[in-house]
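Open the model in your viewer and keep the selection panel at hand. The stops below say what to select next and what is there.

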Amino acid sequence: QVQLVESGGGLVQAGGSLRLSCAASGRSFRSYDMGWFRQAPGKEREFVAAIRWSGINTYYADSVKGRFTVSRDNAKNTVYLQMDSLKPEDTAVYYCAVSLGTGSGYDYWGQGTQVTVSS
């Protein structure tokens, strides 16, 4: 059973930082791309960041570029999202996901962790 569990969310003031973690279990994810998404109230889920299996290539939404950093530790089956210079508009539920390369996008999702940024 594949499982992704996010942690690290919380309440932070604007300008602050949080580090999200996503621990994967059920299989090794060292060969798969992983991503972070978020969904704010009343809005559709949107892409935030992604990292290739090697950890060398990373991708970011324009809205977070320069402020967020995605990384992974394949030995720990864990992916991270370091979020700096947070803004109130970053408030959302953050989800991690894994792509198994089936061509259907992301195949498994976590349950999400709430991030709230106060002004």
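Burial comes up at most stops: buried means under 20% relative accessible area, exposed means over 50%, and partly exposed lies in between, with a 1.4 Å probe and protein chains only. The model is predicted, so local features need pLDDT of at least 70 and side-chain atom pairs count only at pLDDT 80 or more, while totals for chains, interfaces and linings use all residues. Residues are numbered from 1 along each chain as its sequence is written, and side-chain values use heavy atoms, with hydrogens and water left out.

**Stop 1: the aromatic cluster**

Select W109, which is partly exposed with a relative accessible area of 30%. Next add F37, which is buried at 10%. Rings of Phe, Tyr and Trp (its six-membered ring) pair if their centres lie within 6.5 Å; planes under 30 degrees apart count as stacked, over 60 as edge-to-face and the rest as tilted. The count by this rule is 5 aromatic pairs. One of them is F29 with Y32, an edge-to-face pair at 6.4 Å centre to centre and 70° between the planes. F29 is buried at 1% relative accessibility, and Y32 is buried at 19%. Back at F37 and W109, the ring centres are 4.8 Å apart and the planes stand at 55°, so this pair is tilted. F37 belongs to strand 4 (residues 33–39) and W109 to strand 10 (residues 108–109), so the pair ties together parts 72 residues apart in sequence. Strands here (E, at least two residues) and helices (H or I, at least four) are DSSP runs, numbered from the N terminus. Add F47 and Y106 to the selection: ring pairs link F37, F47, Y106 and W109 into a cluster.

**Stop 2: charges over rings**

Keep W109 and show R45. A charge sits over a ring if NZ of Lys or CZ of Arg is within 6 Å of the ring centre and within 35 degrees of the ring normal. R45 lies over the face of W109, at 3.8 Å from the ring centre. Then select R19 and Y80, where R19 lies over the ring face at 4.0 Å from the centre.

**Stop 3: the disulfide**

Which cysteines does a disulfide join? Select C22 and C96, whose sulfur atoms are 1.9 Å apart; a disulfide is a pair of cysteine sulfur atoms within 2.5 Å. The count by this rule is 1 disulfide. The link of C22 and C96 is right-handed, with 50° about the S-S bond. C22 lies in strand 3 (residues 18–25) and C96 in strand 9 (residues 92–99), so the pair ties together parts that are 74 residues apart in sequence. Both cysteines, C22 and C96, are buried.

**Stop 4: the open sheet**

Switch to a cartoon view and colour strands 1, 3, 8 and 7, which form an open sheet in the order 1-3-8-7 with antiparallel pairing. Two strands pair if DSSP finds at least two bridges between them. Strand 1 (3–7) and strand 7 (68–73) stand at the edges with a single partner strand each, so one side of each has no neighbour in the sheet. Strands 1 and 3 pair in the antiparallel sense over 5 bridges. Select L4 to find one residue with a bridge partner in strand 3, namely A24.

**Stop 5: T113**

Finish at T113, in strand 11 (residues 113–118). T113 is buried, with a relative accessible area of 11%. A polar atom of the T113 side chain lies 3.3 Å from the backbone nitrogen of G9.

Conventions: A polar contact is a pair of N or O atoms within 3.5 Å; within protein, one must be able to donate a hydrogen and the other to accept it, and residues adjacent in sequence count only if both atoms are side-chain atoms.
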